[in-house]
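Okay, thanks for having me, everyone. Let me put the model up and then we can walk through a few spots in it.

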Amino acid sequence: MAIKLNGFRLEFSSSSFEGTVADFPNSELVASVRTQHTDQWFVYWRGGKLFGLPLFASTKSPPGSIHTFAVDDHDTLHVLSARLGEVLPSLFPNYRPARRRWRAFSFLAQKENTEIVALVTSGWKNVHPLVSTFTIRPRFNLEPRIIEDRAGQTSIALFLDVQTRWEIRAPLGELVAAGIDLSGLAVIRRDPAPGQKSLVGTIRCLSNDRVELEESFENTPDVAVDTVWLEGSRASFSRSLRHILGGRFDHFEDGREAEECRLFLGPELDALLGDMESFLQKKGWIKLGRGVSCRVLGRIELTNTAGYQSVRKAPDVEYCFDAAKTKRDIYPWRGLNKHGPFDRGIFPKLSPRVLVVTPDQLSGRTSTFTNLFKNGITSLGHSQYQKGFAATFGLANPTFTPVSVRLLGVDEGRIAAAYRKAIEDQLGGADENYDTAFVVLQDAHGRLPDPINPYLHAKATLLMHGIPSQECRLTTISGDESDLQWKLPNLAVAMYAKLGGTPWTVAQGQTADDEIVVGMGMAELSNSRFEERQRFVGITTVFRGDGNYLLSNVSRVCDYAEYPEMLRATTTGVLEDLRERNGWKVGNTIRVVFHARKPLRNVEVAQIVQDCVEKVGQGLNIEFAFLTVETSHPFKLFDPDQPGIVKRAGQPLRGVYAPDRGVIAQLGRYTRLLVTNGPHQVKRPATPLPSPLLIHLHRNSLYVDLDYLTEQVLKFTSLTWRSTLPAYAPVTIYYSELIAEMLARLQTVAEWSPAVLNTKLKFSRWFL
C-alpha cells in the first residue's frame, strides 16, 4: 500500500552547522533580543533555551556559547523549521502574506480565472457593479512540520494546505445606498497595525462619515467609515448578495458551491501539489543561515517494507447485537433487522409512550408518518424499512399521542410560545407521562432564529420534564415512501437511543478487567464575539470499551480562569461515580482512555486528568491514555490507486484518490492520521477529498499502544446512534459537540435550566 501526503520531503546541505545556545528562562525577553539581532541572527526560544542561527558572517553574537547543531537533533529541527517558515515569503516575492501566522506562509491566488465570484457570474447580463467587490479566492498555506513516518527517522517536511478567503471591498456607504441592511454585521480594519485585531465590532448604523457600533472590543462607540470593510463572512455575503442578485442568488450559490468544492477534489489537489513541487524544486537550495540550506526533494510517499509499516488498513468494524458478541454484522441496519438491538430482552420500556407535537394543519400528514414509522413500509418490493420501529426493536405496543398546535393567525414571533403552551397543557393532565416526543415543524419555522425557534422552545420545555425529543420537519415526514424508506431507519435508531436503548455495540477485545473511554468537550456560552469574559461548560461523555454508553455530565457554568479547577472537580466526580457503579476493586486492572479536542491554550488538560485518575485509582492498576483527536489540521492523504467509485451507472466518479476508511498513517512517534471517510462514504461527486483525523497520544500516558488506541477511535466513529452511518469523529468527541451545540442554543430560551441533564437525563441520549 502506497499513500501520499500533501507535503514535500526536504534535504539539507550539511549534516551540522554552528550556532549558539544559552539558558534563557524568561520567554518575555525574547522579542527584545530578536530586535537587537534581527539583521544578523535568527533567534528562537524553546523550553527555556535561546538558540541562535547566524545568517552570515557576524561580529555581534546573541547570548550563549558556540554550539554545533546536528540537523537530525530534535531541538535543531525545531530551530530549522521555524527559520524555514520565516524564509518562505522570500520565495514568493510577488505575493504578500494573506495571514500572519508563526511558521506558516499564506498567500492568495492572483490569476483571474481563480476568483470564484467572477467565474460564477461570468456571462451574466445586468450584474450590479457592487458584485465585483465580493471576491472568493484560493488561499495557499505553506507550513513546515516535523514528522517521523518511520521509527527514528525524524525530519522536516513542508506541507501545502488550500482554503478560501472571502473578502468584501465595497465602501459601506455604497452598500447602504444599494438598499442593503448592514445592521448586526461585523466590520474589520482595512489596515490593522502589527499585533492589532482586525475585527472591530458590529454595525448599528451609518451616520455621516462614522459607523456607529452595536458591539465592539473595549466598547468603542464608533469608527470612521473609510477605515473599515465589511467582514467577508458567509452572513455578510448572503445578506448582501441576496439583495443585490435578487432571484438569481440561489443560482449563484449553486455555482459558488460547485466552483469552491472543485478546488478540494482529489485530482485537483494532487495536480496543485505537483505544480508547487515543480516551483519549489526550481528554487534550488534555500538558504536558512550560515552553513545550512535546504531544498525540496519531492512528495512524501508512505510505503511499507518487510521490517516496518508506515501505513496500514485497520480491519472493518463489526457491529454486535448481543452481549456474547456472537451476533455480528458489518452493516448496522441489516444487523438490527436480523438480530434485533443489543439490549433486546432486557430493555425495560417495551410499550413506550411517544408524544407527537404537530401544527394542526399538518395533523393528517403527521398521522400517516407516525403509522409508517411504527409499522413499517410494506408497499415497496425491497423496502429498507420493512418491519417498522416496533418490530425492529422488539417493542410490544408503542403508543403515539398527537397534540395539535394551533397556528392559524399566529405571527412569527409567537409560534414558539404556541408550541410551549400546547406541550405544557398536555403534560399538565393526569397520568400524562411520556418517554420521548416527536416535534413536527413547518420547514420555515425550523429556520427561525434561536430566541423564537419553536423547536428549541419545545425541546427545552420537554427536557425540563425529563422527556427527550426528536425534530421532524415537513420535508422529512411528507416524502413518498420510496424516499422515506431511507430516512426512517435513522429516526428509528435515534428514537430508540433516546428511550435509553442500546441499538448496537462493536467488537472489542477485552484486555483489562474494565475499560472506560471518556470524551471531554466544552461549550462556550457566549452570545457575542466581543464579550471579554467568556462562560464555559465542561461536558463529559463516558462509554465502556465496546462503546456501550454509560452516562454524560454537564458541569456548572464557569469563567475561563475557573475552568481548570472545574474540570478537575468534574473529572474526579465522574471517575468516583464509575468506580462505585462498576464495582472496581483493589488490584483490578482498569484502562481509562480519554479523548479530547485540542486542549485549551494554557490549560494542561492531560495533567489535570492524570492527577484525577491517580487520586481516584488508588489501589487499582490504572492504564491511563490521553488522546487528542483533531479535525482541523493541514494534512491530507491521497491514494493514487483509488480511481473512485460509481454509486449508480452513468453517474460521475466519487472519492477519487480517497484512501479507504480505516487507513492509518504514521505521522510521528505519538501521532497518527486516521481515515474515517473513504470513497464509499463520499456522498456526491463534488464532495471534497475527505480529511483524516489527527490523533496524538500524550507523552505522559501509561498505556501507549497507539495502534490499538487508533483502531478504537475508528470503532467509536461507528457508535453513533444518530444515524445508521458512521460519524466523521468518534462519538466521544461527536456527542460532546452535539451537547455543546445544543446547550449554547438553549441558552437563548427563557427559563431554561440545564440542571435536569445531570439528574433525570444523566443516562439519556437527549442530544441526538
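I'll jump straight in at one residue: Y657 comes out as partly exposed, because its relative accessibility is 23%, and the cut-off for buried is under 20%. Just so nobody forgets, this is a predicted model. Where does Y657 sit? It's in the loop between β31, which is residues 637-638, and β32. And the backbone there is worth a look, since Y657 has a phi near 70°, a positive value in a residue other than glycine. For context, most residues other than glycine have a negative phi.

Y657 has company, by the way. K325 is not a glycine either, and its phi is positive, about 65°. K325 is also a loop residue, between β18 (319-320) and β19 (328-329). So is K325 buried or exposed? With 17% relative accessibility, K325 counts as buried.

Okay, let me zoom out for a minute. How many helices and strands does the protein chain have? The tally is 19 helices and 34 strands. The radius of gyration of the chain is 29 Å, and the globule rule gives 27 Å for 768 residues, so the chain is as compact as a globular protein of that length. If you're thinking about a simulation box, the C-alpha atoms fill roughly 90 × 75 × 55 Å along the principal axes.

On burial, 53% of the 768 residues in the chain are buried. The exposed area is about 34400 Å², with carbon and sulfur atoms supplying 48% of it. Then there are the contacts: take those between residues at least 6 apart in sequence, and 70% of them join residues at least 24 apart. And for the electrostatics people, there are 89 positive and 84 negative charges, and their mean positions are 2 Å apart.

Now back down to single residues. From the loop we started in, go on to β32, residues 663-668, and you find A665 in that strand. A665 counts as buried, because its relative accessibility is 0%. What is A665 in contact with, once you leave aside its neighbours within four places in sequence? The list is L302, S310, V311, L637, T671, R672 and L673. There's a nice long-range pairing here too: A665 and R312 are 353 residues apart along the chain, yet their C-alpha atoms are separated by 6.7 Å.

Next stop, strand β9, residues 155-168, where I want to show you two residues. One is E167, which lies in that strand, and T164 is placed in β9 as well.

Take E167. Why does E167 count as buried? Because its relative accessibility is 12%, and buried means under 20%. Its side chain has a polar contact with the R165 side chain at 2.9 Å, and another with the side chain of R169 at 3.3 Å. Beyond four places in sequence, E167 touches L108, T133, F134, T135, G232 and F237.

Now T164. Its side chain makes a polar contact with the side chain of E260 at 2.7 Å, and there's one with the side chain of W166 at 3.4 Å. E260 turns up again in the list of residues T164 touches outside four places in sequence, along with I136, R137, P138, R139, L263 and F264. As for R139, it is 25 residues from T164 in sequence, with the C-alpha atoms 5.1 Å apart.

Two more and I'm done. H445 is in helix α12, residues 443-446. H445 is buried, at a relative accessible area of 16%. Skipping residues up to four places away, it touches L407, I415, N453 and P454.

And finally Y560, in the loop between β28 (558-559) and α16 (563-582). Y560 has 35% relative accessibility, so it counts as partly exposed, which is the label Y657 got as well. For Y560 and V537, 23 residues apart along the chain, the C-alpha separation is 9.7 Å.

That's my tour. Which of these spots should we pull up again?

Notes. Residues numbered from 1 in each chain as written. Predicted model: local features only at pLDDT ≥ 70, side-chain atom pairs only at ≥ 80, totals over all residues. Heavy atoms only, no water. Helix = DSSP H or I, 4+ residues; strand = E, 2+ residues; numbered from the N terminus. Rg over C-alpha atoms; globule rule 2.2 N^0.38 Å. Buried < 20%, exposed > 50% of the residue type's maximum accessible area, 1.4 Å probe, protein only. Contact = heavy atoms within 4.5 Å. Areas by Shrake-Rupley, 256 points an atom, 1.4 Å probe, with all protein chains shown as cover. Lys, Arg positive; Asp, Glu negative; His and termini not counted. Charge placed at Lys NZ, Arg CZ, Asp CG, Glu CD. Polar contact = N/O pair within 3.5 Å; in protein donor to acceptor, adjacent residues only side chain to side chain.
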